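Work through the following exercises with the sequence and the model open beside you. Each task is followed by a solution that proceeds step by step.

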Amino acid sequence: MKEITVLLTASGAPGTAALVRALRENGERDLRVVGTDMAELSIGRHLCDAFHTTPAGTDSGFADALIDICARERVDAVIPQSSYELHALAEAKERFGETQVLVSSPDAVSRSNDKAETYAFLDDIGVRGPKWRRARGGGETAEAARELGYPDKDVAFKPLVSSGSRGFRIVSASADRHRQLFENRPGVAEAVRLEELVDLLGDDRSEVLVMELATGPERTVDGIASGGRIVLGHPKTREAMRAGLAMYFQTLDDPALMETAARIAAELSLEHFFNIQLVGDAVIEINPRISTIVYQEDLNLPYLGVKHALGEIDDDELAAYAERVRPTRKALRYFDQVEWDE
């Protein structure tokens, strides 16, 4: 088979090392990986065959920069790893020529990235999500928290658009700042009292979400969609959190969870990679991009997604891999490092 070139955006992301390894160790062909990132100090610089810095995904020049890199590197497929890049790529998808950009429509991206739109969408289709309120400034935030049961119940606070738990806070009347000072590691999402949050927000008119604090085990559904149909996918647990990132996963056999994911995928007409995250029975995130994958030696989801996007396998051939999913499969993330001289 002929060599292909795959571009990974946000190649400083925590899942990059495993993703690059999986793409290269596909068992069929030589595969060249081009990494991009807004930061020069990115692990993609060391792991990929070529590396380029780009503007941030929200910068007006991001799509043009990526189109130029794809032309120079003769890229066959682009796999975006950051939620912040998806809208620009979805809008510019047709400008990439023969390069396949593995992203859903602008509408699907908008309704997934904006959490208020996500929760309104879930309400509309009858899928359980957290109870929620939009708010601006300290006064509206306090009112929304009380409507959702504060101080008797803890609630959650987050920006409308975020990634990797950025900006997420538990709002609790029992928050103990003294204990957090002495016991919490840096980077741990701390609980705050409503009075502290209101003081921090002041008159800031940035729109935020105040939500029911969903509780229970964390699970996700990872997969590949085509025309809103989940062609291949499976659920997994999401456990052992560290600095907002899950570090341990186990594949599940859960038809009900797959049915929920299928309903969401169909309503949004999702394409290519997606990840749907639940806490307890509430859907809290829809990510129309690749996320952390549980790999098997006979089930390489990223490589299969690339082949499908390039037209080398059709929906039925991809769906046939579902019988290989092993619910006994586990994955443990860990830290590593590289060294170099300049």
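**Exercise 1. Determine which strands helix 3 lies across, and describe the sheet around them.**

Solution. In this predicted model, helix 3 (residues 62-73) lies across strand 1 (4-8), strand 2, strand 3 and strand 4 (77-79), and the helix runs at about 155 degrees to strand 2. The next step is to place these strands in their sheet, which is an open sheet of 5 strands in the order 3-2-1-4-5 with parallel pairing. Strand 3 (50-53) and strand 5 (100-101) stand at the edges with a single partner strand each, so one side of each has no neighbour in the sheet. For the pairing at one of these edges, strand 2 (residues 31-37) and strand 3 are joined in the parallel sense over 4 bridges, and within this pairing D37 has T53 of strand 3 as its bridge partner.

**Exercise 2. Establish how helix 3 is oriented against helix 4, and which residues make the contact.**

Solution. Begin with the geometry: helix 3 and helix 4 (residues 83-92) pack at an angle of about 65 degrees, and their axes are 9 Å apart. Since angles of 65 to 115 degrees count as roughly perpendicular, helix 3 is therefore roughly perpendicular to helix 4. The crossing of helix 3 past helix 4 is right-handed. Turning to the residues, F62, A63 and L66 of helix 3 meet E85, A88, L89 and A92 of helix 4. Sorted by class, the residues of this contact comprise 6 nonpolar, no polar and 1 charged.

**Exercise 3. Carry out the analysis for helix 5 and helix 6, and state the classes of the residues in their contact.**

Solution. Helix 5 (residues 106-113) and helix 6 (residues 115-125) pack with their axes 5 Å apart, at an angle of about 100 degrees. This pair is therefore roughly perpendicular. On the side of helix 5 the contact is made by S110, R111, S112 and N113, and on the side of helix 6 by K115, E117, T118 and F121. Assigning each residue to its class gives 1 nonpolar, 4 polar and 3 charged residues for the contact of helix 5 with helix 6.

**Exercise 4. Decide whether helix 7 is roughly parallel or roughly antiparallel to helix 9, and analyse their contact.**

Solution. The angle between helix 7 (residues 137-147) and helix 9 (residues 194-201) is about 155 degrees, with the axes 7 Å apart. Because angles over 145 degrees count as roughly antiparallel, helix 7 is roughly antiparallel to helix 9. The two helices cross in a right-handed sense. Helix 7 contributes G137, G138, T141, A142, A145 and R146 to the contact, while helix 9 contributes L194, L197, V198 and L201. The division by class for helix 7 with helix 9 is 6 nonpolar, 3 polar and 1 charged.

**Exercise 5. Describe the open sheet of 4 strands, from its strand order to its edges and its pairing.**

Solution. The strand order is 12-11-15-16, and the pairing is antiparallel. The edges are taken by strand 12 (229-237) and strand 16 (282-287), each of which has a single partner strand, so that one side of each is left without a neighbour in the sheet. On average, neighbouring strands of this sheet are turned by 20 degrees against each other when direction is ignored. Inside the order, strand 11 (residues 218-226) and strand 15 (residues 272-279) pair in the antiparallel sense over 8 bridges, and T220 stands opposite Q277 in strand 15.

**Exercise 6. Locate a cis peptide bond and a positive phi at a residue that is not a glycine.**

Solution. The cis peptide bond runs from Y150 to P151, with omega near 10 degrees, and P151 is found in the loop between helix 7 and strand 7 (155-159). The positive phi, about 55 degrees, belongs to A240, which is not a glycine; A240 is found in strand 13 (residues 239-242).

**Exercise 7. Test the overall dimensions of the chain against those of a compact globule.**

Solution. The chain has 12 helices and 17 strands, and its C-alpha atoms fill a box of roughly 60 × 50 × 35 Å along the principal axes. For 342 residues a compact globule would have a radius of gyration near 20 Å, and the 21 Å of the chain therefore agrees with that expectation.

Conventions
Residues numbered from 1 in each chain as written. Predicted model: local features only at pLDDT ≥ 70, side-chain atom pairs only at ≥ 80, totals over all residues. Heavy atoms only, no water. Axes fitted to C-alpha atoms, helices over the stretch in contact; angles between N-to-C directions. Parallel < 35°, antiparallel > 145°, perpendicular 65-115°, else oblique. Left-handed = near helix turned anticlockwise from the far one by under 90°. Contact = heavy atoms within 4.5 Å. Nonpolar A, V, L, I, M, F, W, Y, C, P; charged D, E, K, R; others polar. Pairing = 2+ DSSP bridges. Rg over C-alpha atoms; globule rule 2.2 N^0.38 Å.
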